[in-house]
Amino acid sequence: EISRREKRAVSRASRLLLRSCPRPGEASLARSATGAVACAPYCPSRAPDASPDAVWGCRKASRARCYLQQRERGVAAGGRDGEIDKHSLGRGVGSVPARACCEFEGDKKLQQHPTRLGRGVSLEPRLPTLALPRSDRFDTLVLLPDKFQQECGFSPVEFGALLQEVEPVLHLCRDAGHVYGDALNRTRRRRRFKYSPRERLFMFLCFARQYGGRSFRRQANAWNWSVSSVFLDFVWLRANLITHPSLVSKLRWGTPQEREQHRLNLCRAGVLPAGLEDATFICDGTKDLGKRSRIYAAQERDYSANKGHGKSHLLFCDLFGRPMHVAAGIQGNENDRGAYKLTKIYQHPDDYLLPTHSGLFDGVFKGNLHCKSDAPGILPFDAAALRGAPTVAARKKMSAFNRKQRRLRVVVEQTFGIIKQWGLVGNSVYRGDLELQGENFILCTQLTAWLLESRGTYPRGDRWAQDKKEDWEVRMGEWLDIDPLNPELYRD
C-alpha cells in the first residue's frame, strides 16, 4: 500500500519528468558518450508501423523506470523513502536518460499532425472527416427519454411523430443555396447522406434548442461530421420545414365565424369580465437583437425607448395562449404599433375578424384596431386618463379595469417564454444573421405550437374556467395583475 507521502513524491516526480520529456516534434534522441542511442532492451515503438498509442505507452514506461531508479538511488544513499533529487533528473540516471528512452518512429507521425497539448485534444492524429466513423449518439440518447428531451425538446414518442410527418423533406436532394433549381434537382444524382433522416432531424432540433451553447463546429465535432455539412444541412432543413404543411397548419387563425364561436363559448363560461367581452385575440411584440447585452435583464427592468439593433416579431394567440399567427423579421426601427400596421390582420381584417371583434394589447398599441375601423383595441388606461378621472372612485374603477385586462392579456408573455426556450431565439448573447432572425422565430413558434397541440397543454387550461390559477400564474405573484413596466397604472 502506498503511503500519502509516497503519493506526493510520485506526483512531484511526474510533473518534473513531464517537463523534461520531449514533446511531439522535438528531437527525442539521447546519446551516451560513445554516441549510441540509449534505449530499453526492446521497445514496441521502434517498429516502423508503431501507432501513437504505442509511442506514448513506451514513453510512460520510461518515466516510470526513471522514477523507480531515482527512488532506489535515494534509499541506498541513506535518504528518506520516496525522496527524489530533482536536480539529477535532467542528467538522467543509469542507462535510462531523463529526456527520452529511444528514438520513436511514431514522432514522425506526430510531426505530420501537430497537436495542442493541454487543451483536451487527443494526441492521436485525427482521421479525415470523410473517414470518421458514424456517431452512435442518437442510438444512445433514444434509450434515455429524459436526456433525449433535454437535448432536443421532444420526447422520443413526439420525435417519432414529427419525423413521420416531415420525413419526405429529409429525403430531398439538398440544395441549400437554391443554385440548381427544382427541375435540375430532380435529375441530380443523390448521394446517400452519412446519417439517417432521424439522426439528421435530431441534430437539427438539438442545434435549435441549444444554440446559445453550441456552435456549428461543436455540433460537427460531437457527431463526427464536417462543419460545412452541419451548416448546409441546418440551412436546408430550416428553409423547408417552415413551409412544410404539417408545421404551417399548427398556426391556425380560423375563419371569423370560428373566432366568434370561440368568443361566445368563453362568454358562456363566464371567464370574460365586463368590458372585455369582444376580445378574440391577444397581440404582443418582442425585439430580437443582433447582439444581446450581457446585462440585458437589468436593462429591461430599466426600460428605455431604444432596445437595440435587431428585428421585431409580433405574436397573435387566443386567450388560452395558443399561437395563431406570427409576423416575424419586421424592420427593427418599427415599434410594436408600427409593426402591427404591417400585418395582415391590420391590412386585411375581413379575412380574420368580424366588425364587432376586438383584441387585447398593451399601452404601446395606441390607434385604430385595423384599417377599416376608427375604434382602438382593448387597451389599459394610460396615466393621462387616470389623472383626468373626475372622482377617486372613477380612478379606482379604471385601475381595476387595467388589472383585469392585464390578467387576461398576460398569457401571451407566457407563450413568448415557452417559444424562447429554443436557444435559437432565446436570450443568448450572440445571435444569427439579422436577415434570418424572422425565419428562426417562425420555425421556433411552429415547433412550440406543434408540441403544445400534441401534448394538449396550453398555458391556460381547464383551471381558468374553474376560476383557478395555473402554476405559472401562482409564481408570478402580484405581477399577474400588474405590469412591472408601469405599475402605477394598476394600483389604486
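**Nonpolar cores and salt bridges**

In this predicted model, Leu 162 touches Phe 154, Leu 201, Leu 205, Leu 247, Leu 447 and Trp 450, leaving aside residues up to four places away in sequence. Leu 162 also belongs to the largest nonpolar core, which has 64 residues. Leu 162 is one of the residues with the most contacts inside this core. The others in that group are Phe 154, Phe 159, Phe 202, Leu 205 and Trp 422. Helix α8, residues 197-209, supplies the largest share of the core, with 8 residues. Another core lies apart from this one and has 18 residues. Among them are Ala 339, Tyr 340, Tyr 352 and Leu 369.

Charged side chains were examined next. Side chains of opposite charge can pair when their charged atoms come close. The model holds 19 salt bridges. One of them joins Arg 455 to Glu 158, with an N to O distance of 2.8 Å. This pair links distant parts of the chain. Arg 455 sits in helix α19 (residues 437-455), and Glu 158 sits in helix α6 (residues 156-170). The two residues are 297 residues apart. Their surroundings can be compared by accessibility. Arg 455 is partly exposed, at a relative accessible area of 36%. Glu 158 is buried, at 14%, because a residue counts as buried under 20%.

A salt bridge also forms between Arg 174 and Asp 233, whose closest N and O atoms are 3.0 Å apart. Arg 174 lies in the loop between α6 and α7 (182-187), while Asp 233 belongs to helix α10 (residues 227-241), so the pair ties together parts that are 59 residues apart in sequence. Asp 233 is buried, with a relative accessibility of 4%.

Asp 492 and Arg 403 form a further salt bridge, with the closest N and O atoms 3.4 Å apart. Here too, distant parts of the chain are linked. Asp 492 is found in the segment after α21 (471-476). Arg 403 is in helix α17 (residues 392-409), and the partners are 89 residues apart. Asp 492 counts as exposed, at 56% relative accessibility. Arg 403 counts as partly exposed, at 24%. Elsewhere, Arg 137, Lys 147 and Glu 151 are joined into one network by salt bridges that share partners.

Key:
Residues numbered from 1 in each chain as written. Predicted model: local features only at pLDDT ≥ 70, side-chain atom pairs only at ≥ 80, totals over all residues. Heavy atoms only, no water. Core = buried A, V, L, I, M, F, W, Y, C linked by side-chain atoms within 4.5 Å. Buried < 20%, exposed > 50% of the residue type's maximum accessible area, 1.4 Å probe, protein only. Helix = DSSP H or I, 4+ residues; strand = E, 2+ residues; numbered from the N terminus. Contact = heavy atoms within 4.5 Å. Salt bridge = Lys/Arg side-chain N within 4 Å of Asp/Glu carboxyl O.
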